[in-house]
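Q: Please take a close look at one part of this model, then follow its connections outward. Keep the sentences short, and give the cut-offs as you go.

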Number of protein chains: 2
Amino acid sequence: MHILIIGAAGMVGRKLAARLTADGSLGGRAIDAMTLVDVVAPDAPAGFTGKVTLETADLSAPGEAARLIAGRPDAIFHLAAIVSGEAELDFDKGYQINLDGTRYLFDAIRIANGQDGYKPRVVFTSSIAVFGAPLPYPIPDEFHTTPLTSYGTQKAICELLLADYSRRGFFDGIGIRLPTICIRPGKPNKAASGFFSNILREPLVGQEAVLPVSDDVRHWHASPRSAVGFLIHGATIDVEKVGPRRNLSMPGLSATVGEQIEALRRVAGDKAVQLIRREPDEMIMRMCAGWAPGFEAKRARELGFTAESSFEEIIRVHIEDELGGTL
Amino acid sequence: MHILIIGAAGMVGRKLAARLTADGSLGGRAIDAMTLVDVVAPDAPAGFTGKVTLETADLSAPGEAARLIAGRPDAIFHLAAIVSGEAELDFDKGYQINLDGTRYLFDAIRIANGQDGYKPRVVFTSSIAVFGAPLPYPIPDEFHTTPLTSYGTQKAICELLLADYSRRGFFDGIGIRLPTICIRPGKPNKAASGFFSNILREPLVGQEAVLPVSDDVRHWHASPRSAVGFLIHGATIDVEKVGPRRNLSMPGLSATVGEQIEALRRVAGDKAVQLIRREPDEMIMRMCAGWAPGFEAKRARELGFTAESSFEEIIRVHIEDELGGTL
């Protein structure tokens with residue numbers, strides 16, 4: 001089978017390509033071709049023996065979507081997006097990439113469906129940003145989407161399109177609302193939510209990290225490995241069992257910052273915990289107050305999606321996948 | 001003040017223009033100009049002494065939205081839409097008119113806002129079709145929007161845009177999720193939901209009407225007079241009190257067909273009820289099973305929106321507004 005990953009140069013896209021390479025198959029079918037697309041050149045996945053096509057493309061440019069599906073990939077992972085902060089700063093760019101780009105992709109598939117019956121699986125990464133405060137805890141599966149960012153609005157709109165295009169039979173779509181990914185590998189970044197990863201990742205390698213909020217802040221997490229698992233499961237799940245409500249809040253782990261720190265202590269000791277420097281930041285604390293504390297994710301769990309059940313597990317996944325298995 | 005009504009030739013648009021004419025003002029400000037727009041030529045409201053501009057225009061045509069707001073109307077009622085059945089039959093037309101047309105309007109206002117600070121009130125008619133089965137009864141304000149028609153999808157997307165553009169400060173938007181309008185004046189039409197009105201309107205003037213479903217079918221109703229009242233209230237309400245969740249399920253009356261018929265009996269007697277001919281229609285019964293049985297509409301009621309509290313009241317509104325006050 002042929003797999004297309006749009007947004008393949010990002011952290012999740014790279015891990016997804018690596019996992020597909022390691023598995024060698026998807027849903028029992030051998031993977032003989034992968035097309036990896038991003039606005040910057042993606043890397044070829046190490047060790048993949050099938051045909052690899054690497055593309056630099058902007059999905060929101062005219063004709064690009066039709067070109068990308070010309071080879072009729074069997075499964076499409078659409079991970080490409082302008083991130084929340086940028087979509088808030090640049091209104092036009094956010095709507096152009098996150099909404100119009102996705103709609104171009106969906107419409108290119110629809111037109112191909114009308115031409116030759118093409119009907120791929122489409123796995124779309126949505127976000128818990130489709131929800132906006134005030135939020136209950138836990139957030140039930142049937143809670144309304146009232147985003148408080150343009151990014152969340154764009155994701156919520158694409159979810160609606162995905163469900164309608166699937167209902168119409170143009171493709172088999174699954175929308176995956178990712179939790180916050182923790183521990184995010186790499187360097188500390190300036191994203192307001194970066195500290196959730198920073199306070200674990202940096203101390204694990206003996207570096208200092210800054211904690212800008214209080215220990216009682218509760219949020220919703222899953223590891224990069226779980227995120228890739230959600231996408232793989234979304235690509236192979238029986239859509240008849242999912243029914244018309246195609247956008248699913250993924251399972252995850254609801255934890256306070258204090259619980260994160262205690263898990264770090266159990267895995268890496270007091271010395272690691274002492275590397276966390278408390279520097280309260282009023283602005284980040286205000287932003288945090290509007291973030292999702294946790295979800296029931298009942299439907300997704302019943303449909304077989306799984307995530308970590310403790311923060312120690314999330315830390316151990318990071319040690320295994322990023323630090324060679326040992327501290 | 002200057003009022004723009006887009007979709008002014010439809011039933012609700014005509015009644016809204018007539019009500020604004022009768023009131024002479026909106027939110028305490030005298031109405032000195034009305035621009036009435038539709039794809040077919042709208043009529044001038046009888047008795048309006050201000051400036052009337054009648055336009056035939058298609059909002060989804062390039063440049064039309066900017067042209068329509070060139071006079072910087074203070075309040076815009078956007079009622080124009082392709083109806084549910086047509087949006088389902090003609091995919092492209094539905095998305096073009098219901099989604100792109102609305103987005104062109106919102107973007108034209110956004111651009112004007114950037115140019116000269118223009119910031120009108122925008123009242124958008126949404127629909128209970130944003131909800132899709134299975135549905136609880138009553139449906140709470142925080143229930144998710146998972147439409148099962150392209151029309152409902154387009155309305156739900158426009159709701160998200162309206163909330164985001166309002167949050168960004170481009171305009172003050174209010175989305176009004178209208179109940180099924182009952183009693184709809186005019187001739188019986190082929191809409192699947194037409195019978196809710198037909199079984200009352202026709203017998204009230206001595207004509208037969210067909211009932212295709214069983215008496216226990218429960219649905220959500222408001223009179224045309226209430227619908228106009230919602231729009232007026234939406235145009236004058238303090239948006240600070242509404243907050244960022246700008247799309248509101250309107251109050252209405254949840255009633256079974258049997259309750260509708262008993263109200264008809266009390267108002268017009270057995271003779272009227274005997275004009276209802278039962279002709280069960282399997283297809284319409286299946287469709288009905290997915291329609292909204294009723295809403296809590298707690299927020300809208302708290303914000304001052306009001307509707308009828310009995311079906312006799314709904315019938316009496318029809319007699320007053322359409323039949324000259326007597327049977």
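A: Start with helix α5 of chain B, residues 150–167. Helix α5(B) lies across three strands of chain B: β7 (121–127), β8 (172–178) and β12. The direction of α5(B) makes about 155 degrees with that of β7(B). Helices (H or I, at least four residues) and strands (E, at least two) are DSSP runs, numbered from the N terminus. Contact means heavy atoms within 4.5 Å. Axes are lines fitted to C-alpha atoms, for helices over the stretch in contact, with angles from 0 to 180 degrees between N-to-C directions.

A second helix, α7 (residues 224–236) of chain B, also packs on the sheet. Helix α7(B) touches β6 (75–78), β7 and β8 of chain B. Its direction is at about 145 degrees to that of β7(B).

A word on the model. It is predicted, so local features need pLDDT of at least 70 and side-chain atom pairs pLDDT 80 or more, while totals for chains, interfaces and linings use all residues. Residues count from 1 along each chain as written, chains are lettered from A and ligands numbered from 1 in written order, and side-chain values use heavy atoms, without hydrogens or water.

Now the sheet under these helices. In chain B, seven strands form an open sheet in the order β5-β4-β1-β6-β7-β8-β12. The pairing is parallel; two strands pair if DSSP finds at least two bridges between them. At the edges stand β5 (51–56) and β12 (247–249) of chain B. Each has a single partner strand, so one side of each has no neighbour in the sheet. From one strand to the next, the twist averages 15 degrees.

One pairing shows the detail. Strand β1 (residues 2–6) and strand β4 (residues 33–38) of chain B run parallel and are joined by five bridges. Within that pairing, B:Leu4 has B:Thr35 of β4(B) as its bridge partner.

Chain B has another open sheet, of three strands in the order β9-β11-β13. Here the pairing is mixed. The edge strands are β9 (180–181) and β13 (253–256) of chain B. Each has a single partner strand, so one side of each is left without a neighbour in the sheet. Strand β11 (residues 218–222) and β13 of chain B run antiparallel, with four bridges between them. In this pairing, B:Trp220 stands opposite B:Ser254 of β13(B). Helix α9 (residues 257–273) of chain B packs on this sheet and touches β11 and β13 of chain B. The direction of α9(B) makes about 90 degrees with that of β13(B).

Back to helix α5(B), which also reaches chain A. B:Arg167, in α5 of chain B, forms a salt bridge with A:Glu88. The closest N and O atoms are 2.8 Å apart. The pair crosses between chains, and A:Glu88 sits in helix α3 of chain A. A salt bridge here is a side-chain nitrogen of Lys or Arg within 4 Å of a carboxyl oxygen of Asp or Glu. Across the interface of chain A and chain B, the rule finds eight. Over all chains, the search of the whole structure finds 53. B:Asp100 and A:Arg103 form a salt bridge too, with the closest N and O atoms 2.8 Å apart.

Which helices of chain A supply at least two residues each to the side that touches chain B? They include α3 (84–89), α4 (91–116) and α5 (150–167) of chain A. Helix α5(A) gives the most to that side, with nine residues.

The interface as a whole takes 35 residues from chain A and 35 residues from chain B. The buried area (accessible area, 1.4 Å probe, that two parts lose on being put together, summed over both) is about 3000 Å² between chain A and chain B. Carbon and sulfur atoms give 51% of that area. On the chain A side, A:Phe91, A:Leu160 and A:Arg245 lose the most area to chain B. Together they make up 22% of what that side buries.

Last, some backbone points in chain A. The peptide bond from A:Ala133 to A:Pro134 is cis, with omega near 0 degrees. The bond from A:Tyr137 to A:Pro138 is cis, with omega near -5 degrees. A:Pro134 is in the loop between β7 (121–127) and α5 of chain A, and A:Pro138 is in the loop between β7 and α5 of chain A. A:Ala297 is not a glycine, yet has a positive phi of about 50 degrees. A:Ala297 lies in the loop between α10 (282–288) and α11 (298–302) of chain A.
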